[in-house]
Amino acid sequence: MSHTSDVLFRKMHFLFGKRNMLHAMWWGVKLGSNTKFDGKCYFKRYPKSTIKIGDNCEFLSRPNSNLIGIDRPCLVSTLTEEAYLEVGNNCGFSGTVIGAFTSIKIGNNVRCGANTLITDSDWHSDDPRVGPAKPVVIGNNVWLGINVVVLKGVEIGENTVIGANSLVTKNIPANVIAAGNPCREIAKL
């Protein structure tokens, strides 16, 4: 990288960071120290709900922010007054969408591959076929591969790896590799 492009790259990161921090502050999101952004990250906090982001987290939202490619920007939202969304320290997100209606808790050192989705609801509360929102808990040191979808009521144990394109509909224990649709344990770590 030439000196000129390196300076431009650093200025762009600085501007994205400031824009995203102001956006988070506007929505009442509690950002930890040293939060980093690459591209526009969107926050939307429902009144009276809570969004807390830990220290040293990174949100990649530009299509070429990582080598595998990102299809969408990061979007972190709460959608009801009682919603609680908490992200631990040292987490990384690449085009990740997180939507909390009741409770989503993400531990420390969690990595979310490109285009992951984490939600605690079916999103159509006006449809009688849909059940209530159920909390999601993702333990420390979990790695979600590209295009993983984590649905309501799921708990993923610490140190677990979820393979690419998996649909997580049931609890996954700690210290395993799991994959598939529906996602299931395939090996112990």
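Start with the open sheet: six strands, paired in parallel, in the order S1-S4-S7-S10-S13-S16. Strands here are DSSP runs of E with at least two residues, numbered from the N terminus, and two of them pair if DSSP finds at least two bridges between them. Keep in mind that this is a predicted model, where local features need pLDDT of at least 70, side-chain atom pairs count only at pLDDT 80 or more, and totals for chains, interfaces and linings use all residues. Residues are numbered from 1 along each chain as its sequence is written, and side-chain values use heavy atoms, with hydrogens and water left out.

**Walking across the sheet**

Select 30–31 and then 155–156. These are S1 and S16, the edge strands, each pairing on one side only.

From S1, step over to S4, residues 50–53; the two run parallel and pair over two bridges. Pick Leu31 and you'll find Ile53 of S4 standing opposite.

Stay on Ile53 and look to the other strand it meets: its bridge partner in S7 is Val87. S4 and S7 are parallel too, joined by four bridges.

Now colour S7 (residues 84–87) and S10 (residues 103–106). Four bridges join this parallel pair, and Tyr84 stands opposite Ser103 in S10.

**On to the charged pairs**

Side chains of opposite charge can pair when their charged atoms come close. Counting a salt bridge as a side-chain nitrogen of Lys or Arg within 4 Å of a carboxyl oxygen of Asp or Glu, you get four in this model. Here are some to click on.

Show Asp38 and Arg62 as sticks: their side chains meet in a salt bridge, 2.5 Å from N to O. Asp38 is in strand S2 (residues 36–38), while Arg62 sits in the loop between S5 (58–60) and S6 (75–78), 24 residues apart. Both Asp38 and Arg62 are buried, meaning under 20% relative accessible area; exposed is over 50% and partly exposed lies in between (1.4 Å probe, protein chains only).

Next, select Asp122 and Lys152, a salt bridge with its closest N and O atoms 2.7 Å apart. Asp122 is in the loop between S12 (117–119) and S13 (136–138), and Lys152 in the loop between S15 (149–150) and S16, so this pair ties together parts 30 residues apart in sequence. Switch on the surface: Asp122 is partly exposed at 35%, whereas Lys152 counts as buried at 17%.

Finish at Lys188 and Glu185, whose side chains meet at 3.0 Å, N to O, in a salt bridge. Lys188 counts as exposed, with 64% relative accessibility, and Glu185 is partly exposed at 32%.
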